[in-house]
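Trainee: I have the sequence and the structure open, and I would like to learn how to read them step by step. Could we go through them together?

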Amino acid sequence: MNKWVWGGLVLSVGTATMAAGTQPAAAQEAAVPAQLQQLDATVERVRQQFDVPGVAVAVVKDGKVVLERGWGLRELGKPEPVQADTLFAIASNTKAFTATSLNLLAEEGKLKMDDRVIDHLPSFRMSDPYVTNEMRIRDLLSHRSGLSLGAGDLLFWPTTRYSNAEVVSRLAHVPLKNGFRDRYAYDNILYAVAQQVIEKVSGQSFDAFLQQRIFDKVGMAGTRYNADHLKPGDKAAIGHAKFDFKDLRPVAPLTWSNNAGAGGIYSSVHDLARWMNVQLAGGKLADGTPLFTEQTQQQMWQMQIPQVVPKASVPELEPARPNFAGYAEGWSLSDYRGQKLVWHTGGWPGQVSRLTLVPEQKLGVVVLTNQESGAAFNAITMSVLDAMLDAPSHDWVAAYAAGVAKAQGNADEGWAKHQAARDAKSRPSLPLCGYAGKYSDAWYGDVFVEQKAGKLRLRFGATADLVGTMEHWQHDTFIVRWDNRSLNADAFVNFSLDPDGKVREVRMQPVSSLTDFSFDFQDLLLKPNAE
């Protein structure tokens, strides 16, 4: 996923403390260059401030790796350190690999980026016939389809039993809430379509294509397609999340094969340093041969849709606010201190990351972490950029800490408003059995409300993690508290009744503003199933 941007949006809040005694694992890495002598102190401040067990960073400049190393632990409570070759889930940083894959096929003449999607996938459907007919390959990568933020993500987030083919077929019922190519709204589901196009046109599985056409050629020997492809001996970091936004604990690895085009790759800063140098060299590999042409490179970095630049969430983050922002093909675009940035972030249960390129300076920095704190990777990235660009120093750790505090304050204020509006003395209109039953949404599928031991339980039919107990909130509204407390996605469940007192439909929305947008409950319209 991709929640963290220049304005300091973060998912991780709370007060859990780091385990003591974790030290940088630097013995195997090169000496720190002069510009980055303060990086050790900065990273350790970040780890303490934002409760991050482990961090890995690589910096490249002028075709050379000037730093690649790790700090902290792969997993809390265990001694293995984070190092340059430690593997992390890079999540939406995968999107640039998907975009590259399509462009490689375009270079071979097997498709054109402006081909209609239906010319390659005749069964492809959006919920509007016009959009179906006019959607181009390039549109799959650019977040301008008319889908709303995160629309359809519940088809694969958290892990579902749906196949990639089922995800793409269900897209036909995901509602469009904006005009086609009218505005930017980040989505993941169209990258599932991109994955299908790659497989159909190339005649290879997506994992085989990535391995043969990109990983092997770039020299990314340690990089894996997803968690299922990790090998014995791979040094993979374990993700950590704040359960109930408070208690830091490890979370189970996630595999996302049904939308691998949007996220899923596991990689290290060692391998991603090679990837950054290929990007900064206009597509040339280390031996000078092209992975793709410079023309293709520029096309992938060409803005496809502009973004509105919001105000900084706190004054301390104002220096990070760009003059422009937009999205290209699998890459975000903006500027910083007069330099164009080409970058992306990745959000995954327990692991988040950022990769940033400064093309005119042949500079790149990647930050991988094993905790859900966008503030952490942003603070490190901005500190490195300032150092390498010889810019005035700014306390980015304090700035992003202020952003976290503001986000938490907004969430607390939102909850207080819900409480103030609540009629706590109200009672449900129906006995609990009147709400129980099977409900269906046109794009997600079946959701079950079951009465057990005097309580209502909500269960999403295709998602093992979305099971929880419903607590009465007021009138015909309940709150579902998920059994998996690492999700941080409790939601209001509102039952609307018809004139005869029967449930007509059910709507949902997250309780907290800190809930990841990929829990797109707001797009569900659950109808009672006659069965």
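Trainee: How many residues lie between β13 and β14 in the hairpin that they form?

Mentor: Keep in mind as we go that this is a predicted model. Strand β13 covers residues 437-441 and strand β14 covers residues 445-452, and the two pair in the antiparallel sense over five bridges. Within this pairing Gly 437 stands opposite Val 449 of β14, and the number of residues between the two strands of the hairpin is three.

Trainee: Which residue takes a positive phi in the hairpin of β14 and β15?

Mentor: Strands β14 and β15 run antiparallel and are joined by six bridges, with Phe 448 standing opposite Arg 459 in β15. The hairpin that they make has two residues between the strands, and the residue with a positive phi, near 50°, is Ala 453.

Trainee: Which strands are the edge strands of the open sheet?

Mentor: Strands of a sheet pair through backbone hydrogen bonds, either parallel or antiparallel. Here the open sheet has eight strands with antiparallel pairing, in the order β19-β18-β17-β16-β15-β14-β13-β20. The strands that pair on one side only are β19 (503-510) and β20 (527-528).

Trainee: At about what angle to β16 does helix α11 run?

Mentor: Strand β16 comprises residues 467-474 and pairs with β15 in the antiparallel sense over four bridges, and Gly 468 in β16 is the bridge partner of Leu 458. Helix α11, residues 396-421, lies across β16, β17 and β18, and the angle at which it runs to β16 is about 55°.

Trainee: What covers the buried residues of α11?

Mentor: The buried residues of α11 include Trp 396, Tyr 400, Val 404 and Ala 407. An α-helix has 3.6 residues a turn, so residues three or four places apart point the same way. Among the elements that cover the buried residues of α11 are α1 (39-50), β9 (332-336) and α10 (374-388).

Trainee: Which helix gives the most residues to the largest nonpolar core?

Mentor: In soluble globular proteins, nonpolar side chains tend to be buried together. The largest nonpolar core holds 119 residues, of which Trp 275, Phe 460, Met 508 and Phe 521 touch the most other members. The helix that gives the most to this core, with nine residues, is α6.

Trainee: How many residues are in the second, separate core?

Mentor: This second core is separate, and it includes Val 46, Val 55, Leu 363 and Met 382. Its number of residues is 38.

How values were computed. Residues numbered from 1 in each chain as written. Predicted model: local features only at pLDDT ≥ 70, side-chain atom pairs only at ≥ 80, totals over all residues. Heavy atoms only, no water. Core = buried A, V, L, I, M, F, W, Y, C linked by side-chain atoms within 4.5 Å. Buried < 20%, exposed > 50% of the residue type's maximum accessible area, 1.4 Å probe, protein only. Pairing = 2+ DSSP bridges. Contact = heavy atoms within 4.5 Å. Axes fitted to C-alpha atoms, helices over the stretch in contact; angles between N-to-C directions.
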